[in-house]
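Dear colleague,

Please find below the sequence and the structure that I promised to hand over. My notes on what was found follow directly after it.

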Amino acid sequence: MNQDESRNDLGVVRIHKNVISSISSIAAMEIEGVKSVAKNLKSGLLEIIGQKSFSAIKVDISKNEEVRVELPLIIKYGYNIPDVAGRVQENVRQALERMSNLSVKDININVRGIERGQQ
């Protein structure tokens with residue numbers, strides 16, 4: 001299933017996994033020390049042809065509406081990796097809970113690289 005579904009008096013509200021990925025990416029980039037969300041081959045190819053993709057971010061929504069996110073990051077050189085990762089986890093959790101009302105079970109950070117802060 002690619003989306004979370006909840007029902008209210010007016011009908012059904014569905015939140016697709018891509019929305020969860022997008023929220024996670026934006027929240028991660030708000031943290032000082034994060035250079036970028038790492039890309040995989042598919043997201044790199046989609047970016048070349050002009051489409052935005054967060055496919056490198058893995059999202060799993062369980063039947064009881066618990067969200068698990070795996071977020072690959074590139075960290076800026078000179079920053080404390082565990083500190084930056086912890087702040088990203090907290091910011092992503094707050095953003096997802098605030099925007100989707102979903103319960104966040106896990107936010108796993110995979111540091112895929114280190115790069116200079118300026119370009």
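Glu90, Arg93 and Glu97 are linked in a network of salt bridges, and I should say at once that this comes from a predicted model. In one of these contacts the side chains of Glu90 and Arg93 meet with N and O atoms 2.2 Å apart, while in another Glu97 pairs with Arg93, the closest N and O atoms being 2.8 Å apart. The spacing along helix H3 fits this picture, because Glu90 and Arg93 are three residues apart in the helix and are therefore separated by about one helical turn; Glu97 and Arg93, which also both lie in helix H3, are four residues apart, again about one turn. Each member of the network counts as partly exposed, with a relative accessible area of 33% for Glu90, 28% for Arg93 and 30% for Glu97.

A search of the whole structure finds four salt bridges. One of them joins Asp106 to Arg68, with the closest N and O atoms 3.1 Å apart. Asp106 lies in strand S6 and Arg68 in strand S5 (residues 66–76), so this pair ties together parts that are 38 residues apart in sequence. Asp106 is partly exposed at 28% relative accessible area, and Arg68 is likewise partly exposed, at 31%.

Between H3 and strand S6 (103–115) there is a loop that holds Asn101, and you may wish to look at its backbone. Phi of Asn101 is near 60°, a positive value in a residue other than glycine, whereas most residues other than glycine have a negative phi. Asn101 is exposed, with a relative accessible area of 68%, which is over the 50% cut-off.

Turning to helix H1 (residues 17–29), its 13 residues should span 18 Å at 1.5 Å a residue, and its end C-alpha atoms are indeed 18 Å apart, so the two values agree. The buried residues of H1 are Lys17, Ile20, Ser21, Ile23, Ser24, Ser25, Ala27 and Ala28, a list that includes a lysine and several serines alongside isoleucine and alanine.

Finally, a word on confidence: the protein chain averages a pLDDT of 84, and 78% of the residues score at least 70. Among the elements of the chain, helix H3 (residues 81–100), which carries the network described above, has the highest mean pLDDT, 96, while helix H2 (residues 41–48) has the lowest, 55.

With best wishes

Conventions: Residues numbered from 1 in each chain as written. Predicted model: local features only at pLDDT ≥ 70, side-chain atom pairs only at ≥ 80, totals over all residues. Heavy atoms only, no water. Helix = DSSP H or I, 4+ residues; strand = E, 2+ residues; numbered from the N terminus. Expected span 1.5 Å × (residues − 1). Buried < 20%, exposed > 50% of the residue type's maximum accessible area, 1.4 Å probe, protein only. pLDDT = per-residue confidence, 0-100.
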